[in-house]
Amino acid sequence: MSAKALKQSLQKGGLNFKNRVFMAPMTRSRASEQKPNDLMVEYYSQRASAGLIFTEASQVSPQGVGYIFTPGIHTEEQARGWKKVTQAVHERGGQIFLQLWHVGRVSHPDFHGGKLPVAPSALAFKGQAYTTSGPKDVVTPRALEISEIKSIVSDFKKAAQLAKQSGFDGVEVHGANGYLPAQFLEDGSNVRTDEYGGNLENRARFLLEVTGAVMEVWGPERVSVRLSPRNPLNGMSDSNPEETYLHLVRELEKMKLGILHVLEPSTLPNAIAPLAPKMREIFSGLLILNLGYSQQTADETIAKGLADAISFGTHFIANPDLPERFEKGIPLATPDRATMYGGTAKGYTDYPKAGGL
Ligand SMILES: Cc1cc2nc3c(=O)[nH]c(=O)nc-3n(C[C@H](O)[C@H](O)[C@H](O)COP(=O)(O)O)c2cc1C
């Protein structure tokens with residue numbers, strides 16, 4: 001593949017992508033009472049030139065919420081709001097997957113009528129939740145009962161059905177960044193002794209069950225799983241990330257998962273061997289890599305065959321026309337950090353395209 005690998009189209013698993021510049025999921029905290037609104041319609045449609053858009057994480061149930069102004073995907077009204085988003089993106093020739101989310105312990109009783117957030121185990125981490133009355137220290141969560149775990153799996157499935165009703169092209173299970181599926185997977189947050197904890201097979205069970213349930217709705221090709229091995233965000237740790245994550249990817253491959261979306265820094269210290277190339281050997285579906293990529297490192301990574309596409313997060317905030325800018329060598333705008341989360345159109349839909357259109 002040429003050095004301009006990013007602009008090549010991609011056909012895999014019945015899906016067709018016009019380029020390999022994908023938009024990474026980004027929480028922008030501008031939903032109205034957990035419902036997607038017209039401002040979000042505008043924001044996503046402005047970015048329809050991406051090969052694929054992943055939406056911001058969207059809670060699959062009231063229990064799955066942990067941040068203010070994030071959208072949900074568990075009511076008909078929310079689905080109607082999302083439908084406007086998907087229609088606008090499709091009208092502009094884009095494709096869009098919804099990211100499905102349950103935060104687990106990364107929440108606060110303020111979101112749950114004073115009740116404790118839930119997690120695989122009653123283990124706290126040091127951190128803060130952003131509630132309506134400002135940042136508050138997180139609390140020790142309550143360990144889930146087995147019957148509750150099963151009902152969360154069905155919440156993911158119901159959310160996947162609503163996503164289909166909303167006209168999405170597929171869905172992504174948010175298994176990264178220390179939220180509920182990752183809390184089950186990594187042994188620093190899971191000390192259960194039943195079938196959802198202890199050995200690796202058991203710790204992987206929740207994420208695999210969720211993925212399987214979502215695949216029943218979408219088929220394997222239109223399901224993505226996002227993972228972030230060795231990411232300490234939200235107090236995460238695992239005693240053997242390589243073993244844990246490669247086991248998981250082997251299982252996902254057996255299930256014929258369509259898309260794997262891995263956050264791993266594009267440059268790692270020499271002492272740390274990246275896991276993505278090992279995942280690439282195991283996984284035969286579409287592999288998307290993310291985290292700290294530039295146009296050049298992204299092009300090189302795809303050209304070397306280490307990934308099929310690269311997703312960009314922060315670059316897409318201030319550059320709605322990122323694929324065109326890459327292609328034409330137009331300098332990139334820098335996003336304003338103060339307006340990343342929450343607020344109005346400022347710092348959201350007011351970043352112009354290069355031509356000022
Ligand atoms: C404002 C912001 C919100 C984010 N929200 C999410 C999210 O909802 N889901 C998710 O999986 N990752 C989220 N991320 C992580 C990004 O998807 C991506 O992994 C990160 O920005 C690194 O990619 P980059 O170097 O291209 O920016 C967020 C990142 C930013 C900057």
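**Entry 1: helix α1**

I began with helix α1, residues 38-46, where Met40, Val41, Tyr43, Tyr44, Ser45 and Gln46 are buried. For burial I used under 20% relative accessible area, with exposed set at over 50% and partly exposed in between, for a 1.4 Å probe and protein chains only. Helices (H or I, at least four residues) and strands (E, at least two) are DSSP runs, numbered from the N terminus. I then looked up the packing partners: the buried residues of α1 pack against β3 (21-23), β4 (53-59), α2 (76-91) and β5 (96-101). Contact here means heavy atoms within 4.5 Å.

I note that the model is predicted, so that local features need pLDDT of at least 70 and side-chain atom pairs count only at pLDDT 80 or more, whereas totals for chains, interfaces and linings use all residues. Residues are numbered from 1 along each chain as its sequence is written, and side-chain values use heavy atoms, with hydrogens and water left out.

**Entry 2: the ligand**

I listed the residues around the ligand, of which there are 17; Pro25, Thr27, Arg226, Asn290 and Thr314 come nearest. A residue is near a molecule or strand if one of its heavy atoms lies within 4 Å of it.

I looked next at the polar atoms. An N or O atom in the side chain of Gln99 is 2.8 Å from a nitrogen atom of the ligand. The side chain of Asn290 places an N or O atom 2.6 Å from an oxygen atom of the ligand. At Gly313 the partner is a backbone N or O atom, 2.8 Å from an oxygen atom of the ligand. The protein buries 87% of the 610 Å² that the ligand exposes when taken alone. These areas come from the Shrake-Rupley method with a 1.4 Å probe; for residues, only the protein chains shown count as cover.

A polar contact is a pair of N or O atoms within 3.5 Å; within protein, one must be able to donate a hydrogen and the other to accept it, and residues adjacent in sequence count only if both atoms are side-chain atoms.

I also checked the pocket: the ligand takes up the space of the largest one.

**Entry 3: Asp321**

I found Asp321 in the loop between α9 (314-318) and α10 (322-328). Asp321 counts as buried because its relative accessibility is 5%. Leaving aside neighbours within four places in sequence, I recorded contacts of Asp321 with Ser49, Lys353 and Ala354. A polar atom of the Asp321 side chain lies 2.6 Å from the backbone nitrogen of Ala354.

**Entry 4: Ser107**

I placed Ser107 in the loop between β5 and β6 (118-119). With 0% relative accessibility, Ser107 counts as buried. Its side chain reaches the backbone oxygen of Val65 at 2.8 Å. The Ser107 side chain also makes a polar contact with the side chain of His112, at 2.8 Å. Not counting residues up to four places away in sequence, Ser107 touches Val65, Gly66, His112, Pro117, Ala129 and Val138.

**Entry 5: Gln128**

I located Gln128 in strand β7, residues 128-131. Gln128 counts as partly exposed because its relative accessibility is 39%. Apart from residues up to four places away in sequence, Gln128 touches Pro135, Lys136, Asp137 and Val138. With Asp137 there is a polar contact of 3.2 Å between the side chains. I also took the C-alpha separation of Gln128 and Trp218, which is 35 Å in space for 90 residues in sequence.

**Entry 6: Asp187**

I found Asp187 in the loop between α4 (180-185) and α5 (200-218). Asp187 has 25% relative accessibility and therefore counts as partly exposed. Its contacts, not counting residues up to four places away in sequence, are Arg203, Ser237, Asp238 and Ser239. The side chains of Asp187 and Ser239 are joined by a polar contact of 2.4 Å. Asn240 is 53 residues from Asp187 along the chain, and their C-alpha atoms are separated by 8.7 Å.

**Entry 7: positive phi**

Which value does phi of Ser29 take? I read it as near 50°, a positive value in a residue other than glycine. Ser29 lies in the loop between β3 and α1 and is buried, with a relative accessible area of 8%.

For Arg230, phi is near 65°, a positive value in a residue other than glycine. Arg230 lies in the loop between β11 (223-227) and α6 (241-254). At 33% relative accessibility, I entered Arg230 as partly exposed.

Note on methods:
1 Å grid on protein atoms, 1.4 Å probe; cavity = no way out; pocket = protein on both sides within 12 Å on 5 of 7 lines; lining within 4 Å. Sits in = over half its atoms within 2 Å of the grid points.
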